[in-house]
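The following exercises concern helix packing and the faces of a helix. Please work through each task with the structure in view before reading its solution.

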Amino acid sequence: MSIEKWNDFFSRKGIDKTLQDKYIEYIKVLEQNNVPIIFDFNHLRLLMGRSNLYFTSVINSPENHYRSFKLRKRNGGFREILAPYPALLEMQYWIYNNILKKIPVSSYSHGFVCKKSIITNAKIHLNQKELLKLDLKDFFPSITINRIIYVFKSLGYTNKVAFYLASLCSYEGTLPQGAPTSPYLSNIIAKKLDKRLIGLSKRYDLRYTRYADDLTFSGDSIPAKLLEYINEIVKSEGFVINTEKTRLYKNGGKRIVTGISVIGNELKLPKNYRRSLRQELHFIIKYGYESHIKKKKIRKVNYLETLIGKVNFWLSVEPSNKFALNARSYLLEVHKKYTS
């Protein structure tokens, strides 16, 4: 709606000229940032199609609108996942699609970003003499609601509207792992961290990328002092390095970045993973799928689909691998037979 139409609307509502001018300035800032115009609590809930009772409940007690479950981590322990119930999930997607996607993030962030992936993240660090890997401890939970509020305020929203939006994206005052808004919000909030770390990297002629909570540096030489500087920057940006997961590779040996080997000039699957998968596929192709699952007493309902997924991942890393291409063709024929 044009500014003239907004002025006509406010005049018809009998709004004072001074207040009208304030509204117009507010609208202009939001339009410049290409985000929805939201005036207050009722306006926001109506945009989202929610009743006053429900919207009040979500704002005041968001923890009542999530279910919690745990996933086993690859390296042991469990990760708590907080999944929003359908109504809140829909509201979070509204925020993501209408607001968050309009905010640019760092080009050095490869997680949860369109056209970026673990593959683009790993490719940056191919064929480097030295490699440093770090992990940010409790990445999502360490991002507080105040930092989320600031994201929305920086777009021009009022303090109250920013609080309502942040509350819809929070769980007990932090960023929940499981909400669709959390990954992109984490990238927005970590944008300054990325800027400072790439500045540090360039000073030492190093490469830098971040995939969610995984930080990776590589180059010809990584000085011992670098880790101290990184730690200072990370701490000042409100995060903490998980020292147990810090790895510095100066000599040969395996080098895995976001699950992909970066030794040499081409990306490859980690040797142990590739060997295990290749052996499994070899037996299936040699003796037949049915014979294999009977011999191994495999009872998983989605075993075939999981295998196809693993081979597709292999080919996304090594697209010209002939064995993987042949294995996928074989598995797809088997899948076609079973589904028909």
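Contact here means heavy atoms within 4.5 Å. The model is predicted.

**Exercise 1.** Determine how helix H7 and helix H9 pack, and which residues meet.

*Solution.*
Step 1. Two packed helices are described by the angle between their axes and the distance between the axes.
Step 2. For H7 (residues 145-153) and H9 (residues 182-189), the angle is about 80° and the axes lie 10 Å apart.
Step 3. Angles of 65 to 115 degrees count as roughly perpendicular, and H7 is therefore roughly perpendicular to H9.
Step 4. On the H7 side, Arg147, Ile148 and Val151 make the contact; their partners in H9 are Leu185, Ile188 and Ile189.
Step 5. Sorted by class, the contact of H7 with H9 comprises 5 nonpolar residues, no polar residues and 1 charged residue.

**Exercise 2.** Establish where the buried residues of helix H10 lie around its axis, and what they pack against.

*Solution.*
Step 1. H10 covers residues 191-203, 13 residues in total. From first to last C-alpha, H10 reaches 19 Å, close to the expected 18 Å.
Step 2. Buried means under 20% relative accessible area; in H10 this applies to Leu193, Asp194, Leu197, Ile198, Leu200 and Ser201.
Step 3. Viewed down the axis of H10, these buried residues fall within an arc of 160°, so they line one face of the helix.
Step 4. On the other side of H10, Lys192, Lys195, Lys202 and Arg203 are exposed.
Step 5. The buried residues of H10 pack against strand S4 (207-211), strand S5 (214-219) and helix H11 (225-236).

**Exercise 3.** State which residue just after H10 takes a positive phi.

*Solution.* The residue is aspartate 205, with a phi of about 60°.

Key:
Residues numbered from 1 in each chain as written. Predicted model: local features only at pLDDT ≥ 70, side-chain atom pairs only at ≥ 80, totals over all residues. Heavy atoms only, no water. Axes fitted to C-alpha atoms, helices over the stretch in contact; angles between N-to-C directions. Helix = DSSP H or I, 4+ residues; strand = E, 2+ residues; numbered from the N terminus. Parallel < 35°, antiparallel > 145°, perpendicular 65-115°, else oblique. Nonpolar A, V, L, I, M, F, W, Y, C, P; charged D, E, K, R; others polar. Expected span 1.5 Å × (residues − 1). Buried < 20%, exposed > 50% of the residue type's maximum accessible area, 1.4 Å probe, protein only. Arc of directions from axis to C-beta.
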